Amino acid sequence: LIHHINIDTAGTHTCKVYSGRDSIQHLPDSLRIYKQENALILIDANVQRLYGRRLIELLADCKFRVAVHTLPSGETAKSEAHWLAAVDFCFEHGVNRKTPLLAIGGGVTGDLAGFVAASVMRGIPLIQVPTTLLAMVDSSIGGKTGINHPSGKNLIGSFYQPDTVIADTTFLKSLPDREWRCGMAEVIKYGAIADPDLFDIAYTFRNGYRDSDQLIELITRCANIKAGIVADDEKEAGKRAFLNFGHTFAHALESFTEFKRFSHGEAVYIGMVAALKLSALAGNSIDDVPLMKFADNYKLSVSDLKSRIPGLVKKMFADKKSLNNSVRVVMLKDYGHPYIADLTDLGIVHDAWIHALNVCD
Ligand SMILES: NC(=O)c1ccc[n+]([C@@H]2O[C@H](COP(=O)([O-])OP(=O)(O)OC[C@H]3O[C@@H](n4cnc5c(N)ncnc54)[C@H](O)[C@@H]3O)[C@@H](O)[C@H]2O)c1
């Protein structure tokens, strides 16, 4: 089963997205459109170890000459040094304006490779081959690319759309459990902000990968939601911000714990529980069961943080999204009905944290 959607951004660019079992078979055709004999590949080290040979054989069978540059796995790859090494690699292999660059890996590879594609010769063709659940439902779609700076995450980068995204779900069978939960938090987020029917399907897959058409449908629906939001608001002037549901809390938690203790998805789940509580405290009547059902997968021994909530609240107000002593949070009137609020009342933010830390302890 393979689904195909097109994403139109700003009416000027169409990105084709293929998702499903063995959708990687679309790769040769996606490359042929550039009428080039060669392609450049940036690939995550773990993905290279697991699937590198198969991918290179697929391309060699179709008479493509490929040059491969392996990126270390992990967030450290999103650095200036690794960006420069990848740019050097492109020039060493005779890149021209039509040479396609393939990003094969999770969100780290996609963000770095996307920024390489955006910057080499002011832009060369980019194809994303996401191999994590998070990358399939989130980071490979929408065109945000970039690297980290010592001052903070994702501070250097640009918007640059891939021409094609190929999300082959068979890659997911080797994904570690923690990475699965990380992607699942974003899936749950789409349930909360856009499509509450997703909660039930997501629940079926909460514990890990199973080869199933329903999983393919889940991934496609999530990608579609992100695509729809991005197509309307590519540069985050409006509703793209809804994708940050739970994230104001999550960023505070990640930075308070120096990015060492929680994966992004774990922090996002805690953040969504807090944001839901905040929505209730602000007077919205919303059933918390659909979100809470997933709590067993996010039991994270957080009791020590309960006495440190003032520090977490302070971090939220220091976040780049805060304006005039207020903190900008995505809230829910109901599932599928998000809105943005600028909060100044520290008390309810504090109470939302207490609730979320209790739920995820
Ligand atoms: N551009 C965007 O819109 C956007 C959105 C969300 C997140 N992000 C970024 O994405 C990054 C996180 O992405 P991620 O969660 O995919 O992490 P990741 O790229 O670090 O991958 C997670 C781990 O899984 C391994 N891996 C990848 N595919 C695998 C497979 N098929 N089988 C086994 N192991 C595999 C990797 O080697 C790595 O160790 C962050 O840097 C974040 O800032 C970007």
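Which side chain has an N or O atom 2.9 Å from a nitrogen atom of the ligand? The side chain is that of D111. The structure is a predicted model, in which local features need pLDDT of at least 70, side-chain atom pairs count only at pLDDT 80 or more, and totals for chains, interfaces and linings use all residues. Residues are numbered from 1 along each chain as its sequence is written, and side-chain values use heavy atoms, with hydrogens and water left out.

Two further polar contacts (pairs of N or O atoms within 3.5 Å) involve oxygen atoms of the ligand. A backbone N or O atom of G107 lies 2.8 Å from one ligand oxygen, and a side-chain N or O atom of T132 is 2.7 Å from a ligand oxygen. Of the 870 Å² that the ligand exposes when taken alone, the protein buries 88% (Shrake-Rupley areas, 1.4 Å probe). The ligand is surrounded by 26 residues, each with a heavy atom within 4 Å of the ligand. Helix α2 (45–61) is among the elements that each supply at least two residues of this shell, and its 4 residues form the largest share. Helices here are DSSP runs of H or I with at least four residues, and strands are runs of E with at least two.

Turning to α3, the buried residues (under 20% relative accessible area, 1.4 Å probe, protein chains only) are A86, V87, F89 and C90. Seen down the axis of α3, they fall within an arc of 155°, taken from the directions to the C-beta atoms, so they line one face of the helix. The face turned away carries E80, A81 and E92, which are exposed (over 50%).

Technical notes
A polar contact is a pair of N or O atoms within 3.5 Å; within protein, one must be able to donate a hydrogen and the other to accept it, and residues adjacent in sequence count only if both atoms are side-chain atoms.
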